Amino acid sequence: MTYTADHSRADATRARLLEAAVDAFAERGFHGTTTRDIAAAAGLSPAALYVHHKSKEELLYLIARSGHDHVLCLVQDAIASSDDPATALRRAVHDFVVSHARDHTRTRVVNYELAALSPEHLAEIRAVRHRIEQAFRQLVEAGVAAGVFDTPDPRIAGAALLSLGVDLGRWYRDDGGWSPEYIATEYAEMALRIVGAR
C-alpha cells in the first residue's frame with residue numbers, strides 16, 4: 001500500500017471521527033459524551049480515536065475552529081461583495097443564516113459547548129469570534145457614516161445581527177416548516193430594520 005493511500009485513509013478516518021463527535025456532542029453535550037461513544041458512532045474501536053486525535057477536547061477544538069473559520073470567510077466575502085452597506089448587510093446576514101440553519105447540528109456544538117475547550121483553544125476561538133463580530137460592527141458603522149443606516153449603537157445592532165444566526169443551532173430542525181433560504185431571506189430584511197436602513 002502506498003503512502004498516499006494510507007494518508008487518505010487516515011484523513012477519511014479523522015473526518016469520520018469529527019462527524020461522529022459533532023453528532024454525539026450535539027445529542028449528549030461535551031461532558032456527557034465519552035470517547036467510546038464517538039468511536040462507536042464512527043464504527044471504530046475505542047482506541048482508534050487516540051490514533052488520530054490527542055483527546056476529546058481536541059475534537060471539539062477542531063470542530064469549533066473549522067466552523068468559525070468558515071463563518072469568518074463567508075461574512076468577509078459577503079461584505080466585500082458590494083460597496084453599498086445595505087446590499088452587503090443583506091447578503092452577509094443571508095449567508096450567515098443559511099450556513100447556520102443548514103448545519104444546525106454543528107452550529108449547536110460550536111456555539112454552546114465552547115466552555116469545555118482548554119484555555120488556549122478557547123482564547124483562539126474567541127479571537128476568531130471577535131473578528132466576526134468586528135466585521136458586522138464595522139459594516140454597520142460604515143452604513144451609519146454613509147447615512148444609509150440610522151442606529152444609535154452599532155455595537156448592539158451588530159450583536160443582534162449575530163444572534164439571528166447563532167440561535168438557529170438551538171431551535172432549527174430539518175423537519176420544521178421553514179427552509180434555510182426562507183429564514184435567511186426574512187432575517188436579512190429584519191436585519192435592515194434593526195440597523196434602521198433608509
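**Exercise 1. The whole chain**

Among contacts in the protein between residues at least 6 apart in sequence, find what percentage join residues at least 24 apart.

*Solution.* Contact here means that heavy atoms lie within 4.5 Å, and of the contacts in the protein between residues at least 6 apart in sequence, 71% join residues at least 24 apart. The structure is a predicted model, in which local features need pLDDT of at least 70 and side-chain atom pairs count only at pLDDT 80 or more, while totals for chains, interfaces and linings use all residues. Residues are numbered from 1 along each chain as its sequence is written, and side-chain values use heavy atoms, with hydrogens and water left out.

Next come the elements, where helices (H or I, at least four residues) and strands (E, at least two) are DSSP runs numbered from the N terminus. The protein has ten helices and zero strands, and its C-alpha atoms fill a box of roughly 60 × 35 × 35 Å, taken along the principal axes. Of the 198 residues in the protein, 46% are buried, where buried means under 20% relative accessible area, exposed means over 50%, and partly exposed covers what lies in between (1.4 Å probe, protein chains only).

**Exercise 2. Helices α4 and α7**

Determine how the axes of helix α4 and helix α7 cross, and which residues make the contact.

*Solution.* Begin with the axes, which are lines fitted to C-alpha atoms, for helices over the stretch in contact, with angles running from 0 to 180 degrees between N-to-C directions. The axes of α4 (residues 56-80) and α7 (residues 119-145) come within 10 Å and cross at roughly 15°. That makes α4 roughly parallel to α7, because angles under 35 degrees count as roughly parallel, over 145 as roughly antiparallel, 65 to 115 as roughly perpendicular and the rest as oblique.

Then consider the handedness: α4 passes α7 in a left-handed crossing, a crossing being left-handed if the near helix is turned anticlockwise from the far one by less than a right angle, and right-handed if clockwise. The residues in this contact include Tyr61, Leu72 and Ile79 of α4, and Ile125, Val128 and Phe136 of α7. By class, the contact of α4 with α7 has twelve nonpolar, three polar and six charged residues, where Ala, Val, Leu, Ile, Met, Phe, Trp, Tyr, Cys and Pro count as nonpolar, Asp, Glu, Lys and Arg as charged, and the others, Gly among them, as polar.

**Exercise 3. Helices α7 and α8**

Describe how α7 crosses helix α8, and name the residues that meet.

*Solution.* The axes of α7 and α8 (residues 154-166) come within 8 Å and cross at roughly 125°, which makes α7 oblique to α8. The crossing in which α7 passes α8 is right-handed. Ile132, Glu133, Phe136, Arg137, Val140, Glu141 and Val144 in α7 meet Pro154, Arg155, Ala157, Leu161 and Leu162 in α8, and the residues of this contact divide into eight nonpolar, no polar and four charged.

**Exercise 4. An aromatic cluster**

Which residues form one aromatic cluster, and how is each ring placed relative to its partner?

*Solution.* The rule is that rings of Phe, Tyr and Trp (its six-membered ring) pair if their centres lie within 6.5 Å, with planes under 30 degrees apart counted as stacked, over 60 as edge-to-face and the rest as tilted. By this rule the count comes to four aromatic pairs. Trp171 and Tyr172 form an edge-to-face pair, 6.1 Å centre to centre with 65° between the planes. The rings of Trp171 and Trp178 have centres 6.0 Å apart and planes at 90°, so this pair is edge-to-face. Trp171, Tyr172 and Trp178 thus form one aromatic cluster.

As for accessibility, Trp171 counts as partly exposed at 30%, Tyr172 is buried at 4%, and Trp178 is partly exposed at 49%.

**Exercise 5. Three single residues**

Is Thr13 buried or exposed, and where do Gly43 and Asp103 lie?

*Solution.* Thr13 has its place in helix α1 (residues 3-28), and because its relative accessibility is 11%, Thr13 counts as buried. Leaving aside neighbours within four places in sequence, Thr13 is in contact with Leu44 and His52.

Gly43 lies in the loop between α2 (35-41) and α3 (48-52) and counts as exposed at 60% relative accessibility. Gly43 and Arg16 are 27 residues apart in sequence and 8.7 Å apart in space, C-alpha to C-alpha.

Asp103 is found in the loop between α5 and α6 (104-112) and is partly exposed, with a relative accessible area of 34%. The C-alpha atoms of Asp103 and Leu168, which are 65 residues apart along the chain, are separated by 9.4 Å.
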